[in-house]
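Here are some short exercises to work through with the model open beside you. Try each task before you read its solution.

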Amino acid sequence: MKDSHWRPRVAGALPSLIGRMVSRQQKPPGTGPGTLVHTGDRKAESVLIRLIEYGPDFIDEGQFEDIKACLDIARARTMSWVNVDGLHEVGVVEAVGEYFGVHRLVLEDILSTSQRSKAEDYGDHLFVIVKMLSFDLATDSILSEQVSLVVGESFVFSFQERRGDVFEPVRERLRQGKGRIRSRGSDYLAYALIDTVVDSYFHILEVVGDRIEELEEQVLETPTLELLERIHHLRREMLILRRAVWPLRETLGQLYREEMPLITTETGIFLRDVHDHAVQVIETVESLREVISGAMDLYMSGVSNRMNEVMRVLTIIATIFIPLSFFAGVYGMNFQYMPELSVRWAYPALLVFMGVTAGGMLWAFRRKRWL
Amino acid sequence: MKDSHWRPRVAGALPSLIGRMVSRQQKPPGTGPGTLVHTGDRKAESVLIRLIEYGPDFIDEGQFEDIKACLDIARARTMSWVNVDGLHEVGVVEAVGEYFGVHRLVLEDILSTSQRSKAEDYGDHLFVIVKMLSFDLATDSILSEQVSLVVGESFVFSFQERRGDVFEPVRERLRQGKGRIRSRGSDYLAYALIDTVVDSYFHILEVVGDRIEELEEQVLETPTLELLERIHHLRREMLILRRAVWPLRETLGQLYREEMPLITTETGIFLRDVHDHAVQVIETVESLREVISGAMDLYMSGVSNRMNEVMRVLTIIATIFIPLSFFAGVYGMNFQYMPELSVRWAYPALLVFMGVTAGGMLWAFRRKRWL
Amino acid sequence: MKDSHWRPRVAGALPSLIGRMVSRQQKPPGTGPGTLVHTGDRKAESVLIRLIEYGPDFIDEGQFEDIKACLDIARARTMSWVNVDGLHEVGVVEAVGEYFGVHRLVLEDILSTSQRSKAEDYGDHLFVIVKMLSFDLATDSILSEQVSLVVGESFVFSFQERRGDVFEPVRERLRQGKGRIRSRGSDYLAYALIDTVVDSYFHILEVVGDRIEELEEQVLETPTLELLERIHHLRREMLILRRAVWPLRETLGQLYREEMPLITTETGIFLRDVHDHAVQVIETVESLREVISGAMDLYMSGVSNRMNEVMRVLTIIATIFIPLSFFAGVYGMNFQYMPELSVRWAYPALLVFMGVTAGGMLWAFRRKRWL
Amino acid sequence: MKDSHWRPRVAGALPSLIGRMVSRQQKPPGTGPGTLVHTGDRKAESVLIRLIEYGPDFIDEGQFEDIKACLDIARARTMSWVNVDGLHEVGVVEAVGEYFGVHRLVLEDILSTSQRSKAEDYGDHLFVIVKMLSFDLATDSILSEQVSLVVGESFVFSFQERRGDVFEPVRERLRQGKGRIRSRGSDYLAYALIDTVVDSYFHILEVVGDRIEELEEQVLETPTLELLERIHHLRREMLILRRAVWPLRETLGQLYREEMPLITTETGIFLRDVHDHAVQVIETVESLREVISGAMDLYMSGVSNRMNEVMRVLTIIATIFIPLSFFAGVYGMNFQYMPELSVRWAYPALLVFMGVTAGGMLWAFRRKRWL
Amino acid sequence: MKDSHWRPRVAGALPSLIGRMVSRQQKPPGTGPGTLVHTGDRKAESVLIRLIEYGPDFIDEGQFEDIKACLDIARARTMSWVNVDGLHEVGVVEAVGEYFGVHRLVLEDILSTSQRSKAEDYGDHLFVIVKMLSFDLATDSILSEQVSLVVGESFVFSFQERRGDVFEPVRERLRQGKGRIRSRGSDYLAYALIDTVVDSYFHILEVVGDRIEELEEQVLETPTLELLERIHHLRREMLILRRAVWPLRETLGQLYREEMPLITTETGIFLRDVHDHAVQVIETVESLREVISGAMDLYMSGVSNRMNEVMRVLTIIATIFIPLSFFAGVYGMNFQYMPELSVRWAYPALLVFMGVTAGGMLWAFRRKRWL
């Protein structure tokens with residue numbers, strides 16, 4: 001913490017705040033709505049397609065480079081979860097869209113990665129966007145990745161921007177066949193994925209919370225500009241977090257409140273549970289924001305406290321020695337007729353007088369609690 | 001108050017703010033929803049089960065270590081209140097759940113102790129979470145404990161994290177058979193328990209209010225950093241209080257407004273009364289928050305006031321003696337031709353002049369109200 | 001205003017802010033809801049019961065010590081208004097409650113004097129709580145008294161905490177038989193009482209408004225800590241005012257919007273009028289709060305302005321004399337070879353140089369508008 | 001602007017802020033609701049009644065001192081607009097009320113001039129209150145005047161507090177018979193009057209906006225207390241403006257949304273247009289409030305900037321000369337054995353050393369950008 | 001950035017903030033509602049009318065000076081988009097209005113260019129106002145232009161204040177016949193235009209975001225008043241942006257939620273998509289506002305940090321040399337009996353003592369972290 005290597009603003013190390021809020025790569029002019037263009041950073045080297053097929057008593061996993069091959073297999077069996085890592089190959093998304101008759105705007109939303117979290121019901125399929133977040137400890141920054149789910153009767157497609165996700169526990173549960181997950185429908189799988197994403201927010205809240213408390217303790221001791229910058233930086237990161245979480249409440253509310261044909265009542269109860277978690281995350285985010293602005297207040301107090309201390313020292317020194325110097329100056333004058341100068345005990349008397357004056361001032365300062 | 005032993009941040013003395021908002025012990029990866037894992041600190045040494053059976057004209061109390069034995073007895077009679085202290089033995093909750101056909105998510109919520117206050121109607125049973133708060137005077141901290149109620153036709157289960165609660169008055173009323181409590185149903189008992197919890201909030205508000213007024217008075221006299229830290233600390237504790245109380249309004253509103261089969265109209269009137277109390281608590285919390293931020297403003301004013309005083313003293317001393325020293329300095333110069341030096345009355349004249357100058361300045365300062 | 005006798009915090013002079021928001025005397029443990037215990041300060045020495053009986057063409061007044069006697073008479077005639085001053089004799093409230101079949105929770109609310117303003121319809125009677133406020137000029141504090149109205153077909157019971165109220169004009173109107181008041185029902189009497197209470201708020205707003213403008217003017221001249229404390233104190237008193245007024249809007253809205261059997265359409269129009277007044281009061285309270293926080297900003301500005309002035313004086317004096325002292329110091333040195341010392345016009349030349357330097361600096365300060 | 005004659009607080013020049021929000025002249029005690037008492041300042045010397053009668057192809061204007069005469073004529077013809085300037089003669093309002101069967105509370109509202117803007121439908125007549133504002137450039141203050149409209153099938157009564165209004169353009173349009181105004185009903189006339197009032201707000205916004213930008217520019221150059229006071233004053237005037245405008249939105253919304261028998265669909269479209277203007281005014285008021293609080297921030301920044309400058313000058317002078325004075329002081333000591341004193345080049349060497357020291361410091365200050 | 005030529009307030013360079021919010025050119029008095037007067041700056045030299053006629057398999061473009069000629073052609077074919085640049089020729093708008101039977105208030109709204117964004121359904125035509133924004137990099141200012149759309153069954157009229165717009169991509173798509181745009185109705189064209197306008201907001205957000213981050217970095221290094229002024233200026237520009245965007249959400253919500261006869265379900269889905277974008281813009285604007293006010297906090301921190309540094313330097317220098325000067329002063333006194341003066345090693349001893357004192361102070365400062 002104390003190493004001065006912390007630099008959240010190293011050129012290129014981080015996209016800017018607004019850059020993380022709205023995507024910079026606008027669609028080229030002349031392209032209409034529904035035109036499929038990937039408008040985000042290319043975060044994966046190659047597209048990886050993973051298929052998990054399962055039923056109450058079996059599970060099959062496979063990796064594909066080619067979406068067609070995957071779709072052919074997926075269609076054949078009962079429940080399929082196709083996970084696509086990497087969005088820069090537009091063809092993959094397009095193929096999926098054509099195969100299942102997904103609306104063009106859905107495909108466009110999957111590809112433009114600065115969407116708000118939302119849920120849209122298209123009758124035979126459901127489209128859900130959530131934000132998968134992670135906290136980069138090196139730069140104290142929140143990294144956001146868009147996860148789009150297309151949920152049909154017997155399939156779930158999940159699209160991610162890069163490899164690596166928080167879904168491993170879900171895969172593990174599918175593999176082990178524990179609990180209900182293998183015997184339920186696609187809505188339950190979608191729920192499980194969303195639940196995992198929301199659960200991962202709690203971890204970020206904890207890390208940020210710890211970081212703030214750490215900074216807060218330092219800020220009272222030594223309120224440096226660097227600390228302020230770090231607190232300020234965290235405050236801005238909370239804006240990212242907040243933007244990801246707020247719409248989620250509405251999204252999940254829609255999923256469990258509105259009667260959607262693809263979502264069973266039973267799964268609805270589970271979605272209400274995730275909704276409660278999202279509300280808890282939102283409240284904690286708001287609390288954290290208050291804590292952070294409290295930390296900035298502490299910084300200001302710490303600074304003005306130090307200023308006070310500096311001023312006090314200056315005042316004490318100056319107030320004691322300036323009058324004493326004056327007395328010394330008086331007896332340094334060259335007037336011919338200064339009777340005191342020739343008095344034998346005048347010099348020690350003056351020294352005593354000076355000592356008493358200084359002592360009296362120190363006593364006055366102590367009474368005023370300046371010492 | 002003046003002893004410097006106050007340390008709200010002693011290592012290990014208190015869980016961090018965020019730690020008290022979201023529970024740190026996440027469920028291990030690979031466990032699905034509905035998997036029963038206790039995700040809170042183990043706050044009780046052993047699980048204690050207390051059963052109170054009662055009807056209009058009898059009451060029976062018993063303590064159990066084994067939940068099965070308790071359930072066998074509970075089933076046999078009319079109204080039973082089973083209170084479980086300690087959540088770390090998951091089996092107890094599970095046994096209760098199986099016995100009464102409680103939804104898995106309810107059981108999960110009972111065990112994860114960072115839930116928001118809520119009420120859920122499952123037809124034949126009702127699930128209510130409230131937060132029992134206490135204020136630790138040693139650390140000025142609010143301790144929160146989750147109380148879960150499962151209310152059925154003829155039973156109330158209450159789960160607490162640790163021993164010791166605010167329910168003793170309810171037990172006493174049951175024992176004495178005073179009022180209506182023994183002749184009414186399980187909804188009235190649930191109401192009585194919630195009422196007791198909400199009433200206990202008022203005590204906390206009072207204690208916090210007193211503490212703030214105490215700090216406020218000190219802050220104007222001697223605005224030390226420690227006082228600021230304490231006010232700041234209280235402000236953060238109010239976040240905990242607020243988080244506990246806000247959702248309660250909604251919870252109680254649901255209980256008395258929505259038509260729930262288990263809640264009679266008569267009890268609804270009582271629940272409206274608790275609802276009114278909860279609203280009163282919320283308003284007082286908000287007022288307290290304003291009072292606290294007013295105290296921080298006072299701190300800043302106190303600090304800048306002191307700074308002012310320090311500056312004034314410095315300015316008065318410096319402004320009086322710096323010019324005087326200059327005059328002394330002039331007559332300390334060694335020029336050969338300084339006619340004043342040989343004038344007999346020059347020295348006393350200069351002293352008089354200096355005295356007049358100093359007096360004039362003091363008079364000017366007084367006019368400017370700096371003295 | 002300038003006398004330093006103003007002490008809003010003299011021990012015992014005032015209950016604390018929070019003490020005025022939540023009542024300190026909690027019901028003793030073991031008492032259930034509906035148990036009648038007076039939970040407020042005993043503000044009246046003895047209970048005083050005043051009965052006014054009236055019809056379109058007659059009016060009768062009487063005072064009673066015993067509620068039974070009063071009730072016997074009240075029942076016999078057409079319209080009765082029973083006003084009870086002092087709540088500490090629980091028996092009075094209980095007797096009224098039994099006589100008219102009032103709900104136990106209503107009786108409990110009458111006795112616990114930290115209720116929010118509210119209106120509850122119990123079919124054959126209506127229960128209304130409003131807050132009667134007064135402003136104590138000696139301590140700049142708002143005193144709040146709970147007024148509970150129980151309105152039946154042919155009676156209005158009003159309960160107050162202490163003697164003295166704002167209802168005298170209503171009594172006068174009843175006595176004089178002017179206007180419609182005597183020929184209308186109990187709902188109109190209740191309206192008249194509430195109207196009087198709300199009207200009295202305007203007076204408080206005016207007094208507080210005047211007080212703030214007075215403080216504001218002083219604050220710019222001499223921003224003392226005492227002024228700040230007074231402004232701060234008024235800001236807190238506004239919290240009390242606000243708490244009393246906000247729920248009133250809802251209360252009155254309920255009374256005229258919801259169809260209550262006891263309230264005629266005609267009276268509804270009058271209640272809408274009071275509702276408008278309440279809204280006006282709320283808006284003025286919010287404006288006052290802004291004005292007060294503006295006054296605190298002015299205080300801070302006044303302080304920093306004074307600091308500025310102090311600093312300017314210090315800087316001017318120091319900046320002029322420190323260099324001059326240096327020059328004097330140079331020619332006070334005892335080097336053997338300092339040719340200037342023996343030049344005849346050196347001393348006056350130096351004095352002139354010093355004068356010019358000082359003048360130049362003064363001119364520079366004037367240009368910078370420091371003088 | 002620079003003249004110091006600006007005094008918004010000259011005694012008697014302006015009613016106080018709160019005085020302009022709630023009317024000071026309370027009705028005397030003992031007067032019931034519906035009692036007609038004028039509760040505002042008497043702003044007109046005598047009551048002036050102007051009648052404009054018109055139809056599609058004629059127009060007639062007349063002035064009356066006596067309301068009876070006016071009413072007799074008004075009744076006779078088709079469309080009448082009666083404008084009353086001055087409210088202190090209660091008889092006028094009463095006569096109108098009796099003639100048309102207007103509700104007593106409406107008459108009371110007309111006379112008490114601190115009402116909020118509102119619209120009330122009484123079946124055969126409609127009652128509308130709007131606030132006519134003007135900006136007094138001499139005192140930077142907003143003057144508010146209550147305009148009450150009573151709209152019937154074939155008449156519009158408008159009551160104003162004083163002579164002079166913004167309705168001249170409407171009269172001109174009536175006289176010239178341009179557009180639809182003469183061929184439409186009373187609702188359209190009422191719309192035209194309200195529209196004119198709302199349009200006049202835009203002018204005030206502009207003037208206030210200009211004033212603020214003017215102050216803002218000055219504040220950065222010379223942040224004087226007077227400027228702050230003026231900004232602060234404008235901020236408070238905005239409270240008046242805001243209070244007048246906010247309820248207007250609701251009022252106009254009611255007029256065009258609720259189905260009122262007196263308002264035709266066609267006029268409803270026009271009222272929606274005024275409603276849009278009112279919303280625009282509200283948004284601009286809110287923006288102005290933000291701009292004003294931005295100006296106060298600028299003031300604080302300007303002040304702290306000046307403080308900085310002052311401190312820098314002090315520091316530079318003190319930091320350069322204090323050490324130099326010390327060196328001069330050293331060689332002013334009278335020790336017998338100070339070998340340097342007799343060295344021939346010691347004095348010039350010291351001077352050079354002093355010059356180099358001062359130069360070095362200046363260079364250091366320049367590097368720190370203090371110069 | 002570093003050049004001091006930046007002047008957002010150059011006289012005449014920019015209309016004032018409020019001037020951009022409410023239009024200054026009020027309609028002359030005596031003109032009724034529905035009177036067509038252009039109330040904005042004349043921003044185009046001459047009016048330019050461009051007609052694009054298209055169907056699934058053809059497209060025709062033409063430019064007209066005369067609206068009649070244009071309208072004659074437009075009527076003849078299937079889908080027409082008439083774009084009018086420049087509003088100062090009222091006749092053009094009037095002619096269009098008469099030709100298609102557009103409501104007078106719509107025409108008035110087209111001409112008064114300070115309208116809020118809105119959508120109004122008039123049965124056979126739809127009226128939509130949106131704000132086209134651009135960011136002027138030279139003055140850091142947002143320029144706003146009102147775009148009005150009148151959408152009928154087979155035509156779209158778009159009115160702009162000046163030449164140059166963001167609609168070129170739409171024209172290109174029409175020319176190339178790519179996608180659905182040519183085969184869909186007028187509602188889809190209107191959607192395409194609105195979509196283009198909303199998309200252009202993202203660009204502004206990015207530019208403003210970059211600008212703020214740039215300023216923020218500078219502010220920590222050298223917090224000059226100019227930087228503050230620029231941040232302050234951006235904060236005010238955000239008010240303009242916000243005013244343009246907020247009503248848009250409502251506008252678009254109306255368009256896709258309310259069942260308007262002219263809007264097909266299919267286009268409704270696209271409008272929901274633009275609505276989502278508008279919400280995203282609003283959220284980003286709010287985030288930007290927070291970032292800007294964070295930047296102002298940073299400025300204040302930067303300033304107080306510098307002040308601190310200045311004070312520290314002053315204190316260190318003064319605290320070291322003032323006592324030393326005192327000692328020098330003491331031995332500069334002219335008392336006859338000062339035994340130290342004749343001690344041989346007194347002078348070097350004093351120098352050593354002074355050095356030690358200075359060293360000790362430096363060490364103390366280092367311990368306090370002032371160095």
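**Exercise 1. Find how far apart the C-alpha centres of the two domains of chain A lie.**

Solution. The C-alpha centres of domain 1 and domain 2 of chain A lie 75 Å apart. Next, place the bounds: domain 1 of chain A covers 24-302 and domain 2 covers 312-367, with bounds taken from an automatic or database domain assignment.

Before you go on, note that this is a predicted model, in which local features need pLDDT of at least 70 and side-chain atom pairs count only at pLDDT 80 or more, while totals for chains, interfaces and linings use all residues. Residues are numbered from 1 along each chain as its sequence is written, and chains are lettered from A and ligands numbered from 1 in the order in which they are written.

**Exercise 2. Work out the strand order of the open sheet in chain A.**

Solution. Start with the order, E2-E1-E3-E7-E6-E5-E4 in chain A, an open sheet of seven strands with mixed pairing. (Strands are DSSP runs of E, at least two residues, and helices runs of H or I, at least four, numbered from the N terminus; two strands pair if DSSP finds at least two bridges between them.) Then look at the edges: strand E2 (58-64) and strand E4 (118-121) of chain A each pair on one side only. The twist averages 15° from one strand to the next.

Now step inside the sheet. Strands E3 (79-85) and E7 (155-160) of chain A are parallel, with six bridges, and A:Asn83 has A:Ser158 in E7(A) as its bridge partner.

**Exercise 3. Explain why strand E3 of chain D is largely enclosed by the rest of the structure.**

Solution. First count: seven of the seven residues of E3(D), residues 79-85, are buried, so the strand is largely enclosed by the rest of the structure. (Buried means 20 or more other C-beta atoms within 10 Å of the residue's own, with C-beta atoms placed from the backbone.) Second, sort the side chains by direction: D:Met79, D:Trp81, D:Asn83 and D:Asp85 point one way, D:Ser80, D:Val82 and D:Val84 the other.

Third, find the neighbours. Strand E1 (48-55) of chain D pairs with E3(D) in the antiparallel sense over seven bridges, and D:Leu51 stands opposite D:Val82. Strand E7 (155-160) of chain D runs parallel to E3(D), joined by six bridges; here D:Ser80 has D:Phe155 as its bridge partner.

Technical notes. Axes fitted to C-alpha atoms, helices over the stretch in contact; angles between N-to-C directions. Buried ≥ 20, exposed ≤ 12 C-beta atoms within 10 Å, placed from the backbone.
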